[in-house]
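Open the model in your viewer and keep the selection tool at hand. Each stop below says what to select and what is there.

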Amino acid sequence: MRSRLGSVLLLVAASGCGLTSGSPMADDVRPGSIGRGEPLRGASLTVTSKSFTEGLILGAIMGISLEAAGAEVLDRTGIQGSIGSREAVRKGDADAGYEYTGTAWITYLGHSRPITDPRRQWEAVKKEDAANGLAWLRPSSLDNTYALAMNQENAKKYGTKTMSDVAKLAKSDPDAVRLCVEVEFANRADGLPGMQKRYGMDLPARNVTQMDTGIIYTQTEKGSCPYGEVFTTDGRIKSMNLVVMEDDRKFFPNYNAAPMINAKTLKEWPAIADVLDPVTARLNNTVARDLNAKVDVDGEDPHEVALDWLVAEGFVREG
């Protein structure tokens, strides 16, 4: 299997001082259910992404899809932080990348209150970001947002399935609801403070322990943390067989992944939408957890994971 780790590391390193180079994607792929007739033949497109696992996978999925439709694709995935990849697309240094609707609405566009309906959230981002020269294609149901999770033993012991159940337990048995969370989550309005307010919880400080993300997962798996803060598409949820509490009052913001395209690029190559829409529609939390786990748990390469998934789904063919 071809390793792309070297190019990813170089790109990540380059991102710190302004990303000015990339490496061509050279996958031997052709149209499957997408890209028939190669409507992007003649296009030279640059794809970007953030540097964490899911971002790298989504960037590869986009790039390979565009390749199958006939485009020459320059790989500039792996930019550190959120702002860098967005700015690359906005300024025209890159043409496209997957982004999250909640991140755009809250972080980039500066709104303090998320929109609870995911479709309306995407529509609002799409409308407002048009003034920034950015076009948003149809969103996926992949929602990489916050959640609380517990191991199987604690799930059976306490019987909670929703956040409302957790709130009820906190009132009837206060010592049972002990949380392990990140420092950021503990202080964000869309994190612990807002969560407690929405669900009518008033946890004592002794019941909340702040720690690094990786430790939260391991301690939740062990049961030392009855409830751990997780991200809903993290592959460790599957590998550790954790039970995720349903956000039944829809408090946490929607972070649905959707293609963010430079508006000039999309105007020149409108077929990009036809190529990416079916792929995006197939992305959901289950798919994301499976793909993320292949990288984070099994040690597979993000690009190869993306390629294997696109082939398995029939979107592209190899050779």
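The tour goes through a predicted model, stop by stop.

**Stop 1: the largest nonpolar core**

Start with Leu40, Ile61, Leu66, Ile272 and Trp309. Among the 64 residues of the largest nonpolar core, these touch the most other members. Now colour helix H2, residues 53–68. H2 supplies the largest share of this core, eight residues.

Centre on leucine 66. Which residues is leucine 66 in contact with, leaving aside its neighbours within four places in sequence? Show Leu40, Leu45, Val47 and Ala71, then add Val73, Ile272, Val275 and Leu276. Leu40 and Ile272 appear both in this contact list and among the core members that touch the most others.

Then switch to a second, separate core. That one has 24 residues, including Met150, Ala155, Leu169 and Val181.

**Stop 2: glycine 55**

Go back to H2 and pick glycine 55, which lies in this helix. Is glycine 55 buried or exposed? Its relative accessible area is 8%, so glycine 55 counts as buried, the cut-off being under 20%. Beyond residues up to four places away in sequence, glycine 55 touches Ser49 and Lys50. Draw a distance from its C-alpha atom to that of threonine 265. The two atoms are separated by 21 Å, and the residues are 210 apart along the chain.

**Stop 3: helices H4 and H5**

Select H4 (residues 101–108) and H5 (residues 118–129). They pack at an angle of about 55°, and their axes are 9 Å apart. H4 and H5 are therefore oblique to each other. The crossing is left-handed. Show side chains at the contact. H4 brings Thr101, Gly102, Ala104 and Trp105. H5 brings Gln121, Trp122, Ala124, Val125 and Glu128.

**Stop 4: helix H10**

Move on to H10, residues 213–222. Its buried residues are Ile216, Tyr217 and Thr220. Why do they lie on the same side of H10? Because they cover an arc of only 95° around the axis. The spacing follows a familiar rule: an α-helix has 3.6 residues a turn, so residues three or four places apart point the same way.

Now show what these buried residues pack against. The partners are strands S7 (146–150), S8 (179–181) and S10 (227–231), together with helix H11 (235–239). Step past the end of H10 to glycine 223, which follows the helix. The phi of glycine 223 is positive, near 95°.

**Stop 5: two loop residues with positive phi**

Pick asparagine 241, in the loop between H11 and strand S11 (243–244). Its phi is near 55°, a positive value in a residue other than glycine. Asparagine 241 is partly exposed, with a relative accessible area of 45%.

Next, find lysine 250 in the loop between S11 and strand S12 (257–262). Lysine 250 is not a glycine either, and its phi is positive, near 55°.

**Stop 6: helices H14 and H15**

Finish with H14 (residues 285–296) and H15 (residues 302–312). What is the angle between them? They pack at about 140°, with axes 9 Å apart. H14 and H15 are therefore oblique to each other. Their crossing is right-handed.

Show the side chains where they meet. From H14, take Val287, Leu291, Lys294 and Val295. From H15, take Pro302, Val305 and Trp309. Trp309 also links back to the opening stop, as one of the residues that touch the most other members of the largest core.

Notes:
Residues numbered from 1 in each chain as written. Predicted model: local features only at pLDDT ≥ 70, side-chain atom pairs only at ≥ 80, totals over all residues. Heavy atoms only, no water. Buried < 20%, exposed > 50% of the residue type's maximum accessible area, 1.4 Å probe, protein only. Helix = DSSP H or I, 4+ residues; strand = E, 2+ residues; numbered from the N terminus. Arc of directions from axis to C-beta. Contact = heavy atoms within 4.5 Å. Core = buried A, V, L, I, M, F, W, Y, C linked by side-chain atoms within 4.5 Å. Axes fitted to C-alpha atoms, helices over the stretch in contact; angles between N-to-C directions. Parallel < 35°, antiparallel > 145°, perpendicular 65-115°, else oblique. Left-handed = near helix turned anticlockwise from the far one by under 90°.
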